[in-house]
Amino acid sequence: MFEDRNYKRTFYSAPQSVQSFIAAFLEPSLIVLVYLAVLAWFGEPVMRSTYTLCMLVFALTFPGRNHFGEHPASAVTDIIGSWLMLLLILGMFAYATSSFHYFERDVLMWWAILTPVSQIVAVEVGRQVLRWRSRQPWIRRSAIIVGAGPLGAKVARALEAGPMKGVELLGFFDDRQDDRLHGDTNGRILGTLPELSDFVRAHGVREVYITLPLGSQPRIVQLLEQVQGTTASIFFVPDVFGISIIQGRLQDMNGVPVVGILETPFTGVNEVVKRISDIILASLILLLISPILVALAIGVKMSSPGPIIFRQRRNGLDGDEIMVYKFRSMRVMDNGTVVKQATKGDPRITPFGAFIRRTSLDELPQFVNVLQGRMSIVGPRPHAVAHNEEYRQIIKAYMVRHKVKPGITGWAQVNGLRGETDTIDKMKARVEYDLEYLRNWSLGLDLQIIVRTVRLMIFDRHAY
């Protein structure tokens, strides 16, 4: 089995925690069990439609989310919101298949009421069990941190923010003078690095977190040799927080540890999910808004001489140049090496153009770009090529936003950063929102942005 000695697997994926494993089955199982209990209460028989509904619900909700470590208010909000969304999806299935008549109305009503209540109660019971367990002496794990700098203080806050994990932080070890240590570590220094291994043995320390800077490699190697003579678990925390991390991940590349710092969230299954959702939503939206597209095209044609569609050069995925479609809103079509942003009261904008820009209706042809694969419905808004060349030199990590396809709408736009970016600070804020989107992408976040965009199209007045 291990004949090839050149290959040594070094890094493994962390095993799923017990509470995460329980949470994965808790939500779908409770939904099914509550439905079966309500059926029994009303004396209704278990039929083929019952099995179908139970299997569908389990498939849609597995794995369940781990709410045990969340704030109670946040957990309640998420449970109720997720349940309402599931009911909406089930209702759409039932309407599309004309299957409402297979289910009793009273059973469905009580099921809809009791399911979130049972989930909230189960999460609270689980939270109390975890709190009780974390207080037991046999479950407590003592820990120390090597390095009392900013990274060490950050690790300390992370450990102390999870009281249910049963970790007790004893303090820090560091060789530096007090004036070079982080303020949060004052009074918590246990000793110097040469004293570490003796302290670990004497106090039965279970976990050691090494947060020394990468420039201290000889000291780190020496320290590891000392601590490896104890029974403590050793964790090395690389100091990578000084840069903007996008989808950071640790990989084992044939035995070589590789730390991903800047990566697109759309790889593997995520890429497939994103593309399928784009195709389905863009197709449905284009079908629904086709009469609006015809009316807007007539309005643009009557507003001023020129083409209906304005083709703009933009940078797409990986910075490659693409052509983006918009309804023409100006009397001129700047698309060269110098592009002046539209400003309030811009004389180049036609009256009809001002209307479609304010309501974002000029962006609707970009759903065709989505079907072409050049854009996504949600993502960082594409800027003019000339603007990219300008801002990439003065805004840190500006081009990282091109790790994904540009979007018709984005996280920055629904947070008030639409329209003109007349200052560097405004553009920096827009870029930071774009990077935040890349760090936290999920299909649910995309749907949230789409809903908020529709609301802004009606009420927002910041675009022109």
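## Close-up views of a predicted model

**View A. Helix H5 (residues 150–160) lies across three strands: E1 (141–146), E2 and E4 (207–210).** Helix H5 runs at about 165° to strand E2; such angles go from 0 to 180 degrees between the N-to-C directions of axes, which are lines fitted to C-alpha atoms, for helices over the stretch in contact. Helices (H or I, at least four residues) and strands (E, at least two) are DSSP runs numbered from the N terminus. Before you look further, note that this is a predicted model, in which local features need pLDDT of at least 70 and side-chain atom pairs count only at pLDDT 80 or more, while totals for chains, interfaces and linings use all residues. Residues are numbered from 1 along each chain as its sequence is written, and side-chain values use heavy atoms, with hydrogens and water left out.

**View B. Follow the open sheet through its five strands, in the order E3-E2-E1-E4-E5.** The pairing in this sheet is parallel, and two strands pair if DSSP finds at least two bridges between them. Strand E3 (189–191) and strand E5 (233–236) stand at the edges with a single partner strand each, so one side of each has no neighbour in the sheet. On average, neighbouring strands here are turned by 35° against each other, direction ignored. At one edge, strand E2 (residues 167–173) and strand E3 run parallel and are joined by two bridges. You can find phenylalanine 173 and look for its bridge partner in E3, glycine 191.

**View C. Strands E8 and E9 form a hairpin.** Seven bridges join strand E8 (residues 309–315) to strand E9, and the two run antiparallel. Asparagine 315 has glutamate 321 of E9 as its bridge partner. Five residues lie between the strands, and in this turn aspartate 318 has a positive phi of about 60°.

**View D. Isoleucine 349 sits in the loop between strand E9 (321–327) and helix H9 (351–358).** Is isoleucine 349 buried or exposed? With a relative accessible area of 12%, isoleucine 349 is buried (buried means under 20% relative accessible area, exposed over 50%, partly exposed in between, with a 1.4 Å probe and protein chains only). Look for serine 329 as well: its C-alpha atom and that of isoleucine 349 are separated by 5.8 Å, although the two residues are 20 apart along the chain.

**View E. Helix H1 (residues 18–41) packs with helix H2 (residues 48–61), their axes coming within 8 Å.** The axes cross at roughly 160°, so H1 and H2 are roughly antiparallel (angles under 35 degrees count as roughly parallel, over 145 as roughly antiparallel, 65 to 115 as roughly perpendicular and the rest as oblique). The crossing of H1 and H2 is right-handed (the near helix is turned clockwise from the far one by less than a right angle; anticlockwise would be left-handed). Among the residues that meet are Phe25, Tyr35 and Leu36 of H1 and Leu53, Val57 and Phe58 of H2; contact means heavy atoms within 4.5 Å. The contact of H1 with H2 divides into eleven nonpolar, three polar and one charged residues (Ala, Val, Leu, Ile, Met, Phe, Trp, Tyr, Cys and Pro count as nonpolar, Asp, Glu, Lys and Arg as charged, and the others, Gly among them, as polar).

**View F. Helix H2 also packs with helix H3 (residues 72–97), at an angle of about 135°.** Their axes are 12 Å apart, and H2 and H3 are oblique to each other. This crossing of H2 and H3 is right-handed. Leu53, Leu56, Val57, Leu60 and Thr61 in H2 meet Leu86, Ile89, Leu90 and Phe93 in H3. By class, the contact of H2 with H3 holds eight nonpolar residues, one polar and no charged.

**View G. The axes of H1 and H4 come within 9 Å and cross at roughly 145°.** H1 passes H4 in a right-handed crossing. Among the residues making the contact are Leu26 and Val34 of H1, and Trp110, Trp111 and Leu114 of H4. The contact of H1 with H4 has 14 nonpolar residues, four polar and one charged.

**View H. Two loops hold unusual backbone geometry.** Most residues other than glycine have a negative phi, and most peptide bonds are trans. Proline 63 is in the loop between H2 and H3, and the peptide bond from phenylalanine 62 to proline 63 is cis, with omega near -5°. Serine 98, in the loop between H3 and helix H4 (105–134), has a positive phi of about 50° although it is not a glycine. At 52% relative accessibility, serine 98 counts as exposed.
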